[in-house]
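Reader: Hey, got a minute to look at this one with me? I'd like to start at the ligand and then move on to the domains.

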Amino acid sequence: MTHHRLDAARQTLVLATPANGLPICTYWGARLPDNADLAAVATASELDLTGGMLDANPALTLCPQSSAAFPGQPGLVVRSVDGAPLRPVFSKAATKRSDALSLSYGDAALGLTLTFRFTADEATGVITASTTLGSTSPILCDWLAAPVLPGPQLADGMIDVAGRWCDEFQPVTTSWSAGIRTRDNRTGRTGHEHVPLLYLPARGCTNTGGEAHALHYGWSGGHRMLAEELPDGRRQVQFGHASGSDLLPGQRFVTAPLYLAFSDTGLTGCAVSFQRHLRDRIVNWPKPDTPRPVHYNCWEAIYFDHSLDALTAIADRAAALGAERFVLDDGWFKGRDDDTTSLGDWTIDTAKWPDGLTPLIDHVHSLGMTFGLWFEPEMVNADSDLARAHPDWILGPMDQPLGRGQFVLDLAKTDVRDNMFNQISTILDAHQIDYIKWDHNRVLPFNDAAQTRGTLDLLHRLRTTHPKLEIESCASGGGRIDFGILHHTQRVWLSDSNDALSRLRIQHDAALLLPACVTGSHVGPRVCHTTGRIHSISFRAWVAAQRHMGFEMDPRELTEDEAATLTKVTAWYKANRDWLRTADILRLDSADPTVIAEQQQAADGSRFVVFAGHAGTSAQIAPRPLRLTGLDPTATYTIDLANRNDISSLSRGTPALKSGPVTLTGRSLMSQGIALPYALPDSMWIIEGHRA
Ligand code: DGJ
């Protein structure tokens, strides 16, 4: 038996490779001392036997095998092309260790090889794992799991993530119990409903304290997750492509990367590892040193009703408020007056734009803003020149139910990808466009890994040809958010809900995966278009300033007071965005359940800002103190309220923060916390902190 360890910041993963059979994860948790005896670790985890069990415990390997009498779900299900089940018995082939650890196994009789690959990132704290299956002749692969890991024992529940249009990233807590919790997303895209993310908190874990393991499957085509408790009490966690993703025989099957994090500082520790890894390792930034520009997006201002006059007036107003990038949304291309036609025909609508887009783009540039344009390249309307010319390019049957009146294009086809590449490139070549909002407004007729690979290939080709281009991943809001798509894009449109109250909650939970710099957040219209609610401009502006800020209302609706507040908050965002770009989002534990609070902290701990949002009216009259986290207990910090103007006349007392800065030790801020001024519902306190 040989043993390998992978260390990434605070976590260690130990793998044992027996002489016969596949490797086993014998340890996944807090970092072990450098001199830990790995053989002893393996021995210490061996289970006893008693009545009602086989004479030896079938191993929970990185790919549990039905051929080895494993009593739970196997990590691999393969069939010959005629449909007969294959039951491989793998034996050791090769081990390679460089930056990556690669462990290969073979079944010579069946002509199969199975390779597990691991890398560990010391800086971000993330371990990345994947499984590859090779075959000398074509086979059918019904299920291939990324390396299968044991679930923690001292854990009562697990948190996976559901959601819906306008209410993304909803954590769902389920108890561990005998049997299986499965998520199998057959919609063909990551989806609002199935974020491929799992947190496994140990008993007593909160946002800021206790142990947690977390896993994210970086795939945009829909995932399958299963968390199973075996009769003997062992737990296993599997992630892979959704069932039925690869329907055709093949000779090589690869899982997406599975990202692993561990924390002994609560859920937030895992969240920070994922945030850093995404920001520093996954996203390819075309201009890494450029500040994240304040966006203006015209969708909720004008929808399909484009005109040069209105949009230049809007651009003037947006620039005056502080916008730096102007994004022309849906409605600019041939015949697109509503959402029933024209997808697929990416040429400029000459009725709305008789002189093309150049006059608007020039105007936007003259205001010092860059220009972005909306596309939905994977889709087609029946009423389009493209569908009329190429009905065979449509994915699925013609009589399928439509989504938003549209079909999906079959991007597994080279001709389709070439056509989309050429149409988009033609527009990009002819205009100064540095940004695309890439939308995807329906689920697929069936899930299909080839479609996802086609989309990623098209994105890759466009970004290689236009290396300065930034792309936003949008799918009716947050329907496609994962590390797979974010390898080719730089921003996500988190939700179509510009309702600040909804957004506050969605952003908070999305921070389990996403850093601020990729998370788009816009100040919407006064009366929210998706909820009908009205919020103060201050609340709307601060919620947007928590992430990558933008505006999406018709700025001509703003009163002078509203414009002044928005300009001020935007100026605050600009003054702070450089350090915030690399800050960690630490989700706080709030004593008052109506307070949704986070601390964005500079990597060196020298400064932070707390956003404490009041998502309703509290049960008690006076605000409960808010405890901070991640500070040096012995250091001294000065904290101050950045939005003292928002204190309402209903606050009659004298809490320290109301009148001026407060200086306290980190210990005091983390243990006792700080009393906040009385807050109206749907409002937010901004508390800035500096280490002395
Ligand atoms: C859905 C997106 O989420 C919106 O922001 C907008 O771009 C529309 N599509 C345009 O059709």
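Author: Sure. A polar side-chain atom of Arg 404 sits 2.8 Å from an oxygen atom of the ligand, which fits a polar contact (a pair of N or O atoms within 3.5 Å; within protein, one must be able to donate a hydrogen and the other to accept it, and residues adjacent in sequence count only if both atoms are side-chain atoms). This is a predicted model: local features need pLDDT of at least 70, side-chain atom pairs count only at pLDDT 80 or more, and totals for chains, interfaces and linings use all residues. Residues are numbered from 1 along each chain as its sequence is written, and side-chain values use heavy atoms, with hydrogens and water left out.

Reader: What does Asp 439 do with the ligand's nitrogen atom?

Author: An N or O atom in the Asp 439 side chain is 2.7 Å from that nitrogen. For Gly 477 a backbone N or O atom lies 3.0 Å from a ligand oxygen.

Reader: Which residues come nearest to the ligand?

Author: Asp 329, Asp 330, Lys 437, Asp 439 and Asp 496, out of 13 residues around the ligand (a heavy atom within 4 Å).

Reader: OK, switching topic. What domains does the assignment give?

Author: Domain 1 (59-282), domain 2 (295-493) and domain 3 (586-691); the bounds come from an automatic or database domain assignment.

Reader: How much area is buried between domain 1 and domain 2?

Author: About 2,100 Å², with carbon and sulfur atoms giving 57%. That's the accessible area (1.4 Å probe) the two parts lose on being put together, summed over both. Arg 189, Ser 220 and Ile 282 supply 28% of what domain 1 buries against domain 2, more than any other three residues.

Reader: And how many residues are in contact there?

Author: 28 from domain 1 and 25 from domain 2, counting heavy atoms within 4.5 Å.

Reader: Which residue forms a salt bridge with Arg 453?

Author: Asp 246, with the closest N and O atoms 3.2 Å apart. The rule (a side-chain nitrogen of Lys or Arg within 4 Å of a carboxyl oxygen of Asp or Glu) finds 1 salt bridge across this interface.
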